[in-house]
Amino acid sequence: MIRKAYPSRIAISEMPLSFAKPEVRLLATWGNESFIAGMLDTIYGNKQPELADPQKTKKRLEKFLADGHHSVMEFMGAQWLLTGSRALSHELVRHRVASYWQESQRYVDYAKHQITYVVPPHLRAALSPWLEEEAARYIDLRAENTAENSRYVLSNAFQTKILVQMNAREFFLNFLPLRAGTGAFHEIRVVAWLMYDSVHEKFPITAEWVGKHLTQLHPDFCREVKPGENCLKKSIEEAFSEWELEVPRSVRDLMTQYLRTQA
Ligand SMILES: Cc1cc2nc3c(=O)[nH]c(=O)nc-3n(C[C@H](O)[C@H](O)[C@H](O)COP(=O)(O)OP(=O)(O)OC[C@H]3O[C@@H](n4cnc5c(N)ncnc54)[C@H](O)[C@@H]3O)c2cc1C
């Protein structure tokens with residue numbers, strides 16, 4: 001690969017670059033499983049709304065999920081603040097049922113802030129010369145241009161922060177089966193699993209049921225999986241090892257359980 005020399009006003013080696021890994025921060029959730037289960041008695045039994053007991057909640061939630069009565073899942077959901085690359089956020093915003101609020105490259109002046117890139121650790125050394133040059137070009141451009149025009153040189157690797165809101169139907173039954181699948185980009189896959197872990201405690205029955213059925217929830221989940229290879233294991237291990245991130249407990253437990261049922 002040939003790297004062209006670029007006469008920057010500041011030495012490229014002095015570029016204050018930093019690298020980050022994808023991050024998922026759960027900010028809020030709404031609704032809960034016992035409320036949805038309890039509403040069944042109001043809708044079909046003319047009773048006052050009440051939370052259902054744990055046994056009824058499990059039985060009813062699992063039946064809604066198995067029978068495909070998925071619209072009830074829209075009464076609960078979550079908000080996350082995600083950190084990742086622009087490559088990640090571009091894929092994320094294709095999910096039209098979610099809501100977004102993304103860091104503005106028109107208004108944030110990166111000439112005054114730390115410039116951060118999100119690339120897998122094993123690619124950092126190889127990509128650094130290009131990213132340093134990109135950052136130097138941006139700072140040069142900023143001297144005579146607005147931030148909105150200078151941003152044209154920024155790459156897919158540039159870090160972004162994005163607030164995302166999804167209801168549980170969109171997250172568990174559409175986003176996760178598509179983006180945890182083995183054909184999905186490793187960065188969105190790792191983020192999908194971190195989002196799963198973050199809401200596991202709040203929506204445990206849904207999370208467990210979806211985890212157990214995940215490989216059947218989208219026909220393309222096991223893309224490019226060799227015979228005898230386990231696609232749930234591949235999805236998780238490949239994505240977390242690419243980013244050198246630890247597999248969170250609920251995801252590890254799901255993988256163990258799934259492997260046990262397959263044995
Ligand atoms: C492995 C993988 C590879 C991909 N590769 C590419 C690619 O190369 N190029 C590319 O452009 N995209 C690609 N995509 C993106 C993909 O085509 C979808 O745009 C993305 O996954 C969002 O899916 P969705 O429309 O189901 O989600 P959402 O927009 O969140 O929609 C959720 C569900 O709501 C319903 N819905 C939403 N909007 C409508 C509507 N207008 N009319 C009717 N029903 C609606 C549908 O049932 C839909 O499944 C890829 C995705 C994956 C997972």
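Which residues does L176 touch, not counting residues up to four places away in sequence? In this predicted model, L176 touches F171, A192, Y196, V210 and L214.

## Packing of α6 and α8

Two packed helices are described by the angle between their axes and the distance between the axes. For helix α6 (residues 168–179) and helix α8 (residues 204–217), the angle is about 35° and the axes are 9 Å apart. The crossing of α6 and α8 is right-handed.

On the α6 side, the contact is made by A168, F172, L173, L176 and P177. Their partners in α8 are T206, V210, L214 and L217. By class, the residues of this contact comprise 8 nonpolar, 1 polar and no charged.

## Nonpolar cores

L176 also belongs to the largest nonpolar core, which has 47 residues. L176 is listed there among the residues with the most contacts inside the core, together with F171, V191, A192, W193, M195 and Y196. Helix α7 (residues 186–200) supplies the largest share of this core, with 9 residues.

A second core, separate from this one, has 9 residues. Among them are V119, L131, A136 and F158.

## Ligand surroundings

The ligand is surrounded by R94, H95, R96 and V97, by E170, N174, L178 and R179, and by G181, G183 and A184. Of these, E170, N174, L178 and R179 carry numbers that fall within the range of α6, residues 168–179.

The shell around the ligand divides into 3 nonpolar, 4 polar and 4 charged residues. In the contact of α6 with α8, by comparison, there are no charged residues.

Technical notes:
Residues numbered from 1 in each chain as written. Predicted model: local features only at pLDDT ≥ 70, side-chain atom pairs only at ≥ 80, totals over all residues. Axes fitted to C-alpha atoms, helices over the stretch in contact; angles between N-to-C directions. Helix = DSSP H or I, 4+ residues; strand = E, 2+ residues; numbered from the N terminus. Left-handed = near helix turned anticlockwise from the far one by under 90°. Contact = placed C-beta atoms within 7 Å. Nonpolar A, V, L, I, M, F, W, Y, C, P; charged D, E, K, R; others polar. Core = buried A, V, L, I, M, F, W, Y, C linked by C-beta atoms within 7 Å. Buried ≥ 20, exposed ≤ 12 C-beta atoms within 10 Å, placed from the backbone. Near = placed C-beta within 6 Å.
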